[in-house]
Amino acid sequence: MAATDGTRLAVASSMAEGKAEGDKGVIIPIKAAAQLKNMLPRSDQIRISLYDSRIAFDGGDTILVSRLIDGEYPDYTKVIPEESGIKLTIDTQRLLSVAKRVATMANPKLPGVKMEAIGNVLKLSSSTLEYGEAYEEMQIKKEGDDVEVALNVRYMMDALRVIQTEETTMEIEAPLKPVLMKPACGNGYLYVLMPMKL
């Protein structure tokens, strides 16, 4: 499954029992996706059935049926960075807690946070005239050159909240190129975030 709003992209995949008849991609409305999210904690398994213009999710005690959106979904694979020269490995929960604290001083309308990876130290900072400044450092593992990038801290925290592994990797090609976030071990989820200019 993939979802994007133009500035970020999330892709999740999972093994499924049974076999689909042919390859078919569909677009489901955002309201149906939100309802599906509410169904998931209550169901161990979800059975997905596709019809001509509808999709059904059967969670056992709950069934969600939604109309499909006509059209082709954009080829999102083109925005997923293939290769990066810089890879940061970071404690997921620590980065989330640091980001929450630094975000308190970011502009609420455009909450940018500057991240600088120098050696094995990641520095996060934000500042606004109205609220002041926030700065915090944490230890990381870094492969590649030192780098500085600015990201929307809300979007970054959204990704960190769903990464279930102890460590997260951030792959950065250049300061103004898309940043790839994913669990440090295992596949199944990736998140692409467009950087900001601060």
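## Pairing of β7, β8 and β9

Alanine 117 faces leucine 122 of β8 across a strand pairing in this predicted model. The two strands concerned, β7 (residues 112–118) and β8, run antiparallel and are joined by 5 bridges. They form a hairpin with 2 residues between the strands, in which glycine 119 adopts a positive phi near 60 degrees.

Leucine 122 also has a bridge partner in β9, namely methionine 138. Between β8 and β9 (residues 132–139) there are 8 bridges, and the strands are again antiparallel. This pair, too, is a hairpin, with 3 residues between β8 and β9. Strand β8 itself (residues 121–128) is mostly covered, 6 of its 8 residues being buried.

## The sheet β3-β4-β5

An open sheet is built from 3 strands in the order β3-β4-β5, with antiparallel pairing. Because β3 (47–50) and β5 (63–67) each have a single partner strand, they stand at the edges, and one side of each is left without a neighbour in the sheet. On average, neighbouring strands of this sheet are turned by 15 degrees against each other, direction ignored.

Within the sheet, β3 and β4 (residues 54–58) are connected by 4 bridges and run antiparallel. Serine 49 is placed opposite alanine 56 in β4.

## Helix α1 against the sheet

Helix α1, comprising residues 30–39, lies across β4 and β5. The helix runs at about 170 degrees to β5, the strand that occupies one edge of the sheet.

Definitions and conventions
Residues are numbered from 1 along each chain as its sequence is written. This is a predicted model: local features need pLDDT of at least 70, side-chain atom pairs count only at pLDDT 80 or more; totals for chains, interfaces and linings use all residues. Side-chain values use heavy atoms; hydrogens and water are left out. Two strands pair if DSSP finds at least two bridges between them. Axes are lines fitted to C-alpha atoms, for helices over the stretch in contact, and angles run from 0 to 180 degrees between N-to-C directions. Contact means heavy atoms within 4.5 Å. Buried means under 20% relative accessible area, exposed over 50%, partly exposed in between (1.4 Å probe, protein chains only).
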